[in-house]
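Trainee: I would like to go through this model with you. Let us start with charged pairs, then move on to packing and surface.

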Amino acid sequence: MEFCNETLELAKKAENRAKIFFERMDEVCAFNEAKVLEAFNKLRVSESDLHGSTGYGYGDAGRDKLDQVYAQAFGCEKALVRHHFVSGTHTLSTALFGVLRPGDTMVCLTGTPYDTMTEVIGINGEDGQGSLKDFGINYAQLDLLSDGSVNYDDIKDAVKGKKVAYIQRSRGYSLRESLTVNEIEKIIELARQGNKDIIVIVDNCYGEFVEKKEPSTADLIVGSLIKNPGGGIARAGGYIAGKSKYVDLCANRLTCVGVGAEEGCSLSQNREMYMGFFFAPSVVCNAVKTSIFALSLFDMMGYEVFPKYDAVRTDIIAAIKLNSEDKLVAFCKGIQQGSPIDSFAIPELSEMPGYQDKVVMAAGAFTNGASIELSADGPARQPYAVWLQGGLTYNTGKLGVLKAFEAIQKLK
Ligand SMILES: *Cc1c(COP(=O)(O)O)cnc(C)c1O
């Protein structure tokens with residue numbers, strides 16, 4: 001792969017300043033790999049667990065054990081890990097519909113949630129489509145403060161009379177800081193002080209294995225398998241982990257009452273879901289290194305980046321304010337060019353279901369839409385920020401970032 005000398009020199013500098021932060025991630029990775037291996041050992045994962053089931057999927061021991069492996073590694077009572085979840089949004093939707101009932105109110109404590117969730121909740125989109133709102137479930141929101149931080153002072157009041165408190169760990173398509181697990185724990189503590197019966201649900205998307213612990217003091221944590229915990233190997237799916245009684249309610253919603261988690265054949269997905277989880281801490285580490293590298297490089301070039309390259313990390317996302325539509329599209333074209341699959345495709349701005357603005361997305365992934373693989377996207381709105389995530393390996397992630405960088409430099 002050819003790059004101009006200037007790019008390579010800048011890359012070297014960007015990497016050199018990032019190295020000590022890579023080391024911090026290596027330590028987190030070693031810890032989390034041990035945690036996952038320990039879960040495999042404790043639960044006696046066996047070759048026979050890797051085979052799948054068909055039809056109803058009764059007695060699928062491998063599927064049931066994978067639930068336990070997730071629960072153990074994440075420090076939760078129970079988990080529901082299924083390829084039947086079509087996306088992170090579907091998994092989160094299942095969790096909300098699982099525990100909320102007509103007349104209940106959910107409150108989001110971290111400002112407006114991720115774009116696709118606004119339609120699930122019913123604060124965006126048409127009425128009558130089956131949103132929570134259509135089912136008589138009310139929504140309240142504790143806005144972030146003007147500097148993008150959580151309004152800790154008002155949490156206790158905000159949860160009064162509410163059934164569910166919803167917390168989003170990662171920034172989503174916003175430039176607020178992602179929340180560390182310690183911060184999430186503090187929010188949960190305050191929420192429980194304000195309402196001891198509150199059910200806390202954490203959108204854990206993009207956060208898994210970036211820190212040594214997960215926000216498992218919540219009642220439910222939820223994520224997508226084509227992000228961090230699938231390790232780039234799981235072909236689809238999501239997980240819900242947390243308190244047994246709530247996980248069971250979610251299982252009833254995913255399948256139906258009376259069936260819960262007992263049905264749902266794994267087809268031939270068990271092996272890849274186990275293997276993906278086994279690899280996940282290491283793949284996440286590569287993704288975070290790719291992210292740190294990109295932040296360091298674009299910061300050096302004078303772009304405003306979120307978070308700073310030297311920040312303590314809690315997710316795999318890097319957001320870069322590019323300030324122009326041309327740069328946003330060029331960046332994504334570059335990422336696409338540096339991807340292993342469909343590198344010849346040219347991303348364009350277009351409408352996407354679930355999103356309010358036109359979006360441009362670069363994804364040259366082995367798994368369609370997998371954003372634990374190197375990918376970039378951003379909506380066509382000010383300040384034309386791009387969100388970069390993934391990278392199965394650091395070296396290839398870095399090459400993709402350099403392609404994006406050169407694509408922008410060529411615009412000038
Ligand atoms: C990715 C993501 C989701 C779920 O998105 P899907 O594309 O449906 O998997 C939800 N919340 C956040 C913060 C996310 O990053």
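Mentor: Begin with Arg-63 and Asp-64, whose side chains meet in a salt bridge, 3.0 Å from N to O. Keep in mind that this is a predicted model.

Trainee: Is Arg-63 buried or exposed?

Mentor: Its relative accessibility is 3%. Buried means under 20%. Asp-64, its partner in the salt bridge, has 31% and is therefore partly exposed. At 3%, Arg-63 counts as buried.

Trainee: Which residue does Arg-171 meet in a salt bridge?

Mentor: Arg-171 is buried, at 2% relative accessibility. The partner is partly exposed, at 43%. The N to O distance is 3.8 Å, and the partner is Glu-177.

Trainee: How many residues apart are Glu-272 and Arg-235?

Mentor: Glu-272 and Arg-235 form a salt bridge, with the closest N and O atoms 3.0 Å apart. The pair links distant parts of the chain: Glu-272 sits in helix H8, and Arg-235 in the loop between strands S6 and S7. Along the chain, the separation is 37 residues.

Trainee: Which of the two is buried, Glu-272 or Arg-235?

Mentor: Arg-235 has a relative accessible area of 54%, so Arg-235 is exposed. The value for the other residue is 17%. Buried means under 20%, so the buried one is Glu-272.

Trainee: How many salt bridges does the structure hold?

Mentor: Some are joined up: Lys-12, Glu-15 and Lys-398 are linked in a network of salt bridges. For the structure, the count is 24.

Trainee: Which helix gives the most to the nonpolar patch?

Mentor: The patch is on the surface and consists of Leu-37, Met-275, Phe-278 and Phe-279, with about 320 Å² of accessible area together. Phe-279 counts as partly exposed, at 35% relative accessibility. Three residues of the patch come from one helix, residues 270–300, and that is H8.

Trainee: At what angle do the axes of H9 and H10 cross?

Mentor: Two packed helices are described by the angle and the distance between their axes. H9 passes H10 in a right-handed crossing. The contact includes Ala-330 and Gly-334 of H9, and Gly-400 and Ala-404 of H10. The axes come within 7 Å, and the crossing angle is roughly 145°.

Trainee: Leaving aside neighbours within four places in sequence, which residues are in contact with Ser-93?

Mentor: Ser-93 is found in helix H3, residues 88–99. At 15% relative accessibility, Ser-93 counts as buried. With those neighbours set aside, the contacts of Ser-93 are Met-117 and Val-120.

How values were computed
Residues numbered from 1 in each chain as written. Predicted model: local features only at pLDDT ≥ 70, side-chain atom pairs only at ≥ 80, totals over all residues. Heavy atoms only, no water. Patch = residues over 30% accessible without salt bridge, like charges linked within 9 Å, V, L, I, M, F, W, Y side chains within 5 Å. Areas by Shrake-Rupley, 256 points an atom, 1.4 Å probe, with all protein chains shown as cover. Salt bridge = Lys/Arg side-chain N within 4 Å of Asp/Glu carboxyl O. Helix = DSSP H or I, 4+ residues; strand = E, 2+ residues; numbered from the N terminus. Buried < 20%, exposed > 50% of the residue type's maximum accessible area, 1.4 Å probe, protein only. Axes fitted to C-alpha atoms, helices over the stretch in contact; angles between N-to-C directions. Left-handed = near helix turned anticlockwise from the far one by under 90°. Contact = heavy atoms within 4.5 Å.
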